[in-house]
Amino acid sequence: MSQSFSGAQKEYLAGFMAAVAQRGLAPFAGLAANGRFTADEHGAPENLAAAPPAPKEDSIFGTPISELCKQEQWKLERHGLDIWDRLTAHTEENKFPDDQDTFYFRYHGLFYVAPTQNSFMLRCRIPAGEVNAHQLRGLAHIAETWGGGYAHVTTRANLQIREIAPRNLLKVLAHLHGIGLTAKGAGVDNIRNLTVTPTAGFDPEELIDPRALAHALSQFILNSRDMFGLPRKFNIAFDGGGSISCVADTNDIGFVAVRLGDGHALPPGVYFRLELAGITGHKQFAADCGVMVRPEQCLAVAAAVIRAYAETGDRTNRNRARLKYVVDRLGLAEFLRRAEAKLDFVLPRLAREYCEPRPAPRAQGWLGIHAQRDAALRYAGVAVPVGFLTVAQLRGLATLAERFGTAELRLTVWQNLLIPNVPEERIGAFGDELRALGLNHTASPVTGGLVACTGNTGCKWAATATKAHALELGSWLEERVPLDVPVNIHLTGCPHSCAQHFIGDIGLLGTRIGPEKIEGYHVFIGGGSDDRQGLARQIATGVPFAEVKPLLVGILQAYLDRRESGETFRDFAGRLSETELGTFAVPAGK
Ligand code: SF4
C-alpha cells in the first residue's frame, strides 16, 4: 500500500523542504546540534545564523507568503510539533502562553482556555472511541492529580480534561503516553479524533468493522508530518453500518459502508462510499462523490484527499478555509480529480442506488441494553448527562467494564459511552452497580438525546451556559411533556456549532439578548442525519432561555396532540411552517 502514495509523498516533501530552505528554517527547529534546546525568543535553532537569507517573496501552495493569515505565518515560522522547548519552558516557569504559543500548544492537545478558565484543557485522541479500563483509570488519575477532578465526553467520541496548571503540562502528556494514548494533533489545523460506528465489532447489523482502518489511518497521521498544519481542522469518520450513528455525513471525509450485490462490473462485497466536505455548522452535509472504495484502499484515499486539501485550501481567510469552500470553488468533480491524481489506482464510479439499502440506525440506540452478534452477550449504552463524568465515575466505569465485560468501553459522538460484552444473565447486577455510580443505562426520551457543547464556563466563544441549560431543560421538559419517542436536543454556544445544532430534532444556538445581554437561543427545529438527513429550520430568533423552556413544551405537546400515526417529530416539524411552530409556546410556569 505504501507504493500507492509514495510518489505524492515525495512530491509533497520536496515542496515542503524547498519552502523550508527558502524561508531559512531548519526542518527540526528548536533542537540545537548539541541536542539541547535553544533559548532565543522564538526558540529558533542557533545554527540558523548560517542559513541563507529569505527570498523577497515566496508562496505556499500558490498563496504568496505576504498574503497568508496570521496563523499560517506562525506555522511557517515554526512547525507546531517542534515546540517541546516552549512546553518545557512554560512548565518550568508555570507560565501561560501568548497567542502564538497558545496556537502551537494545541498541536499537542493542550488548550489554554482563558479567560473562561485560567488553565489548560487536555483534549486526547481516542481513535474509534475505544478506551480500555486501564486507560480510563489513567485518565481519572490525570483529572484527579492535575485537573479539575472530572472529564467530558465530547461530540467526537473523545475525552477532555480541564483545569490543568502550566506547571503540570509535561507530567500530563507523559502520563497520557504511559497509558498508550496521545493528544497530538487534537487541536487547531489538524486531523481530529477519528470516529467510528461505536458498536463496531459486536453489532449484529454491521456491514464491516472499520476499527482497524481507523487505527491504521490514525497511526499514519501521527507519523506523517504533512498530515499536520492543514489549512484548517479536518474531520474523518468511518461508518461501518450498524445500530448507532457516528454522523459520518457531518465530516470532511465520511467513509460510509455499503453492500454491493451481483450484476455489476464490480465484484460483490462491502465497499465504502466516499462522502466529502460535511460541515453542518456551515449548513452542509458531506456529499456522496459517486465512487466506491474498497476497505484496503481507504488509507490511501484519505491521504490523497487530505493532501489535495492541503494544496487547495484557503490559507488567507480562516473563515473560508475548510474543505467545503475548496469544493465550492473547484467543484466536487475537480477536487476529486485532484485527489485521484495522487493515487495509483482508479476509483470506480457507481450510483448509490445500485448498493443495497442500509439498515437505519436506531433512534437513541446509544442508550439501553442491546443484543450483540454473540447471542449470549449484551452491550449497555450508559447515559452520561452532557458528557460529564467525575473521577469516581471514571474509575467505577473501568471497574464495571472489567467485572462484567472485557475491560473495553466505547465513547460515542452522542457524549455517552457503551460497555460491551456483558453476559445476558449479569445485566441485572450490572445495572445495580451502574446506578450506584450515579449513572444509568436508561434515560427519558428527552434527557437521553441531550447534546451540549462546553458553553461559557469553559469556552470563550460561548454566549450561554449550554451544559447547565441542557440539564435544566431536560428536567423541565421531562416533568411537563409525556414524550414517548426519542427527541434529540442539541445546544451549542456559538456558530462554531460543536454540538451541531442543525442536526438536532431541536437545535439551540446560544446568543446574548438586549443591553442586559440576557442569555438566550435561536431556536431550530427538524434536523437529522444519516437516513433522516436534514438541516433544522430556524423558527425563533433571540429567545431568552427562560422563554425557550415553555416554547419547547408547547412544540413537543403539539407534536403529541397533532401527530399522525407513526409520525416522527422531524416529519411533524417538516410539515408545519416556521410561523405555526413558533406559536406553540405555552405560558411560562405551566
Ligand atoms: Fe465553544 Fe462555540 Fe464550540 Fe460551544 S460551539 S464549545 S461555544 S466553540
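The points below go through a predicted model, from its overall make-up to individual loop residues.

1. Overall make-up. The protein has 590 residues, and 59% of them count as buried. Its secondary structure consists of 16 helices and 22 strands. The accessible surface comes to about 22,900 Å², with 52% of that area belonging to carbon and sulfur atoms. Among contacts with a separation of 6 or more, 67% are between residues 24 or more positions apart.

2. Main core. The largest nonpolar core holds 122 residues. The members that touch the most others within it are Leu-122, Leu-139, Phe-234, Ile-236, Ile-253, Phe-255 and Leu-274. Helix H8 (residues 298-312) supplies the largest share of this core, with 12 residues. A separate core of 37 residues lies apart from it and includes Ile-506, Val-543, Tyr-559 and Leu-560.

3. Leu-139. Beyond four places in sequence, Leu-139 touches Cys-124, Ile-126 and Val-131 on one side of the numbering, and Leu-159, Ile-161, Leu-176, Ile-179 and Leu-181 on the other.

4. Ligand shell. Around the ligand are Cys-453, Thr-454, Cys-459, Trp-461, Ala-462, Thr-492, Gly-493, Cys-494, His-496, Ser-497 and Cys-498. By class, the shell has 6 nonpolar and 5 polar residues, and no charged ones. Cys-498, one of the shell residues, also appears in the next point.

5. Thr-155. This residue sits in the loop between strand E6 (150-153) and strand E7 (159-164). Is Thr-155 buried or partly exposed? Its relative accessibility is 25%, so Thr-155 counts as partly exposed. Leaving aside neighbours within four places in sequence, Thr-155 is in contact with Val-413, Gln-415, Val-451, Cys-498 and Ala-499. The side chain of Thr-155 reaches the backbone oxygen of Cys-498 at 3.0 Å. Thr-155 and Thr-195, 40 residues apart in sequence, have their C-alpha atoms 9.7 Å apart.

6. Gln-415. The contact partner Gln-415 belongs to the loop between strand E16 (408-411) and strand E17 (417-423). Its relative accessible area is 3%, and Gln-415 is therefore buried. Which backbone oxygen does the side chain of Gln-415 reach? That of Ala-452, at 2.8 Å. Not counting residues up to four places away, Gln-415 touches Val-153, Thr-154 and Thr-155, then Val-384, Val-386 and Gly-387, and further along Leu-450, Val-451, Ala-452 and Lys-467. Val-451 is thus listed for Gln-415 and for Thr-155.

7. Asn-235. The loop between helix H7 (211-222) and strand E9 (236-239) contains Asn-235. With a relative accessible area of 9%, Asn-235 falls under the 20% limit and so is buried. Outside four places in sequence, the residues that Asn-235 touches are Arg-156, Arg-192, Asn-251, Asp-252, Ile-253 and Arg-322. Of these, Ile-253 is also named among the core members that touch the most others.

8. Ile-503. This residue is in the loop between strand E19 (489-492) and strand E20 (506-513). Ile-503 is buried because its relative accessible area, 6%, is under 20%. Ile-503 is in contact with Val-247, Thr-250, Thr-280, Phe-285, His-490, Gly-527, Gly-528, Ser-529 and Gly-534, leaving aside neighbours within four places in sequence. Ile-503 and Gly-281 are 222 residues apart in sequence, while their C-alpha atoms are 9.3 Å apart in space.

9. Cis peptide bond. The bond from Ala-114 to Pro-115 is cis, with omega near 5 degrees. Pro-115 lies in the loop between strand E3 (110-112) and strand E4 (120-123).

10. Positive phi. Phe-61 has phi near 50 degrees, a positive value in a residue other than glycine. Phe-61 is in the loop between strand E1 (59-60) and strand E2 (63-64), and its relative accessible area of 36% makes it partly exposed. Asn-94, also not a glycine, has a positive phi of about 50 degrees. The loop holding Asn-94 runs between helix H3 (84-93) and helix H4 (99-105). At a relative accessible area of 34%, Asn-94 is partly exposed.

Terms used
Residues numbered from 1 in each chain as written. Predicted model: local features only at pLDDT ≥ 70, side-chain atom pairs only at ≥ 80, totals over all residues. Heavy atoms only, no water. Core = buried A, V, L, I, M, F, W, Y, C linked by side-chain atoms within 4.5 Å. Buried < 20%, exposed > 50% of the residue type's maximum accessible area, 1.4 Å probe, protein only. Helix = DSSP H or I, 4+ residues; strand = E, 2+ residues; numbered from the N terminus. Contact = heavy atoms within 4.5 Å. Near = heavy atom within 4 Å. Nonpolar A, V, L, I, M, F, W, Y, C, P; charged D, E, K, R; others polar. Areas by Shrake-Rupley, 256 points an atom, 1.4 Å probe, with all protein chains shown as cover. Polar contact = N/O pair within 3.5 Å; in protein donor to acceptor, adjacent residues only side chain to side chain.
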